[in-house]
Amino acid sequence: MAIKKSDLYSSLWASCDELRGGMDASQYKDYVLFMLFIKYITDKYADSDEFAPPVKIPKGASFKDMVALKGKPDIGDKINKKVIQPLIDANTRLARSDFPDFDDSNKLGEGADKVEKLTNLIAIFQKPELDFSKNRAEHDDILGDAYEYLMRHFAQDSGKSKGQFYTPSEVSRVLAKVIGISPENANARTTAYDPTCGSGSLLLKVAEEAGAKKRITLEGQEKDVTTAGLARMNMILHDFPTANILSGNTLANPKFKDGEQLRTYDYVVANPPFSDKAWSTGLTPLKDPYQRFSWGEPPAKQGDYAYLLHIIRSMKPGKGKAACILPHGVLFRGNAEAVIRKKLIESGILKAIIGLPANLFYGTGIPACILVLDKENAQARKGILMIDASKGFIKDGNKNRLREQDIHKIVDSFHKLSNPTHKQTNIPRYARMVPLAEIADAKNDFNLNLPRYIDSSEPEDLQDIDAHLNGGIPNRDLDDAELPLAAYWQQMPGLRTALFKKADRKGYSQLRLPISQIKQAILNHAEFIAFNEAAYAVFGKWKKTNTPKLKGFGKNGHPKELIEEISEDLLARFQTQPLLDAYDIYQHLMDYWAETMQDDCYLISADGWVAKPVRIIEIDKKGKTKDKGWACDLIPKPYIVARYFSAEQAALDEAQAELETAINQLQELEEEHSGEEGYFSSLDKIAKAEINVRLKEIKTDKEAKEEIAVLKQWLQLNEKQSELKRSIKEQDAALDHLSHDQYAKLSQDDVKNIVVDDKWLAKLAAEVQTELDRISQTLTSRIRQLAERYDTPLPELVDEVAALAKKVNSHLKKMGIAWN
């Protein structure tokens, strides 16, 4: 039985995190990622019959040989000498600096402590679910994704200074998608380069955009030798063993050259260190042999433009494309940077600027931007596309993160507005193609700060003094295209007529019905019902088209291909649907994919449409086992109950409701008679034994008839409660047994119908309904807000205050108090 993808990652992280003890995450990651690497290459290449496997594993240097060292007193030394060194000797692309020292007592502890730590670390990677010998990582790259998962968590844990080795994958995807590479234009001769490649995630995202079957050439340079090693391992784990990653300072000592000139590439991507203060170390810019600084020399303490100029020089003449992440300051800072920025704009190479939200990166909280560069048709370029995506994100712990819809919206807007054949030139408050003449105008003077060109602020909700004085709702508030209501009337003109009538003065309206009835009036209106039905019809057509694809998915299927196909179709269908935001609908699907569907699809890909319950056995720290019942990940018990045992569940729910009633009755009886004079006040505690003793004491007391009745009532209710609890326990056990046995009776079609119809599509239908509910809620709350704002005109308020003041004065006078 396959393990869920999310469980694989989280258990791997939890195990590793528990083991590291006091070691800093930035150091411990090197050990964990090496273990993942050695496990992968052992599974994939140790018994390979390839003539020349990409990674050679000498005899005695595999993961299996590491397992044999568990518990040995010299385990660390043996790993260094018997595993790591032979691997380096056999593979020219690997270097000693790529791997951590497994015999480092400062990091791993002394003696038995070190032996235990390394033994436990090896044991984590012996888990059966981490067996990749069957090439399970193909296509959807589970192991490569696990590497990314661990990198992200280590970056989160490493503090500000150590997060630089990892660019959030969401940002990497934006860069890879806007440089223009695709399976259609990529081939084996296509080249991509990252001059500050970190752990290599950006390059891998570019390769992913080029298509799984296209083996483009990847090259990268990284200053930190350990991080360069991570990148080399990352490439191999993502099945790109031929990628060339070299270590060294890109600005002072670029390693990729053709003769004495910098090598140029089809595509360049980079996330350089922000505002590098030591960029010119080992470099004399004015005597640069590669002529990178002909537009000017960047400031000594601000290296952003130094990296940008290196990128531009590394792009192929006339066709090279690039995208890099830089701090917002490059858009507006003056002096030397202003001179370079002007030359950049005049060259036509700068194609687009994408402003990102603040606090996305692990090394810094400052907002950054993506500069998209393109040498193709640069001289003919008439404008720069500007996108302000700073408001599209979700909070994720102490960082912000781009959602799937944010990535899609950025990329869609970029491709749409940068296409010269597309008539649209702006998306209000979000994106705009800005003419070069406007940027060069004296009032802007080549300043590229986005707020100069895009006003992303929300329109102001103005107060109407006349309406406050004389009542009525201003028509301006109802009809202004910038405010939320106008779009509703465009789709539902009759609804406006049903809700509002003309006021007795020009330019104002009044509600036809009380505020409390607005929501129901909207929900019952024929035009709103028709709007809902039209939206559901769109979802229905999507469902009809994609249900066969979902049920046709099976063993060895490719989950990433499936979600891309069905999600793109959903987005495209809702793009034309008024009032609804297609990106919000799309996000619901992508959230559900991440939360549930992805795991389901990986289980189906591994095992087929199989739903078998498994026992959940917990082992405590003392080694004792505890049976926690059973579960089935693909079809959890509630779906079996809902489809096959709804009558039994209804009976159980009814008994549960009866029990709650009995509990409440018992509590009420106890509260009523628990005061100082109450019948329960003389008892040490309210319990069956105590009450029976009390009843014996007072059974012949003629004055105690009422107390006897109360105590007997308590016993009856208590007995009823006990009986109901017993019955519920029996019914629950019977239902549990029926549900468990039902799995064995399920055919493959039954499994498909439950998973696709009852689980996946039912959830998505509910999410579409939440978006439709939001439409009615937004409309209702805005109308209520306007109605309440102008409900009581000022003269009425003045009269009301005067009446209240008169009443207060009258009361004071009766009390003999004079108010001056």
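**Chat about sheets, aromatic pairs and confidence**

Modeller: One thing to start with in this predicted model: there is an open sheet of 3 strands, in the order 15-17-16, with antiparallel pairing.

Colleague: Which strands stand at the edges there?

Modeller: Strand 15 (473-474) and strand 16 (500-502) do; each has a single partner strand, so one side of each is left without a neighbour in the sheet.

Colleague: And how many bridges pair strand 16 with strand 17?

Modeller: Strand 16 and strand 17 (residues 508-511) are paired over 3 bridges, in the antiparallel sense. If you want a spot to click on, Lys501 stands opposite Gln510 in strand 17.

Colleague: OK, over to strand 8. Are its residues mostly buried or exposed?

Modeller: Strand 8 (residues 350-355) is mostly covered, with 6 of its 6 residues buried.

Colleague: Which way do its neighbours run, parallel or antiparallel?

Modeller: One of each. Strand 9 (residues 368-374) runs antiparallel to strand 8, with 5 bridges joining them. Strand 10 (residues 383-388) runs parallel to strand 8, and that pairing has 4 bridges.

Colleague: What does Gly355 stand opposite in those two strands?

Modeller: In strand 9, Gly355 has Cys369 opposite. In strand 10, Gly355 stands opposite Asp388.

Colleague: Switching to aromatics. How many aromatic pairs did you count?

Modeller: The count comes to 15 aromatic pairs. Take Phe34 and Phe102: their ring centres are 5.4 Å apart and the planes sit at 65°, which is over the 60 degrees cut-off, so the pair is edge-to-face.

Colleague: Where do Phe34 and Phe102 lie?

Modeller: Phe34 is in helix 2 (residues 25-45), while Phe102 is in the loop between helix 4 (75-90) and helix 5 (105-108), so the pair ties together parts that are 68 residues apart in sequence.

Colleague: Buried or exposed, those two?

Modeller: Phe34 has 0% relative accessibility and counts as buried. Phe102 comes in at 1% and counts as buried too.

Colleague: What about Trp630 and Tyr743?

Modeller: Trp630 and Tyr743 form an edge-to-face aromatic pair, 5.6 Å centre to centre with 80° between the planes. That pair links distant parts of the chain, 113 residues apart: Trp630 belongs to strand 19 (residues 625-631), and Tyr743 to the loop between helix 26 (705-742) and helix 27 (748-789). Trp630 and Tyr743 are both buried.

Colleague: Back to Phe34 for a second. Which residues form one aromatic cluster with Phe34?

Modeller: Tyr31, Phe37, Phe99 and Phe102 form one aromatic cluster together with Phe34.

Colleague: Let's do helix 28. What span should it have, and what does the model give?

Modeller: Helix 28 (residues 794-814) has 21 residues, so at 1.5 Å a residue it should span 30 Å; the end C-alpha atoms are 30 Å apart, which agrees. Just after helix 28, Gly816 takes a positive phi of about 80°.

Colleague: And the overall layout? Which domains are assigned?

Modeller: The assignment gives domain 1 (1-160), domain 2 (161-182 + 192-199 + 253-455) and domain 3 (637-745). The C-alpha centres of domain 2 and domain 3 lie 69 Å apart.

Colleague: Last thing: what is the mean pLDDT of the chain?

Modeller: The mean pLDDT is 89, and 95% of the residues reach 70 or more.

Colleague: Where does pLDDT stay under 50?

Modeller: Over residues 135-140, for which the model has 16 contacts beyond four places in sequence.

Key. Residues are numbered from 1 along each chain as its sequence is written. This is a predicted model: local features need pLDDT of at least 70, side-chain atom pairs count only at pLDDT 80 or more; totals for chains, interfaces and linings use all residues. Side-chain values use heavy atoms; hydrogens and water are left out. Domain bounds come from an automatic or database domain assignment. Buried means under 20% relative accessible area, exposed over 50%, partly exposed in between (1.4 Å probe, protein chains only). Two strands pair if DSSP finds at least two bridges between them. The expected span of a helix is 1.5 Å times one less than its number of residues. pLDDT is the predictor's confidence in each residue, from 0 to 100. Contact means heavy atoms within 4.5 Å. Rings of Phe, Tyr and Trp (its six-membered ring) pair if their centres lie within 6.5 Å; planes under 30 degrees apart count as stacked, over 60 as edge-to-face and the rest as tilted.
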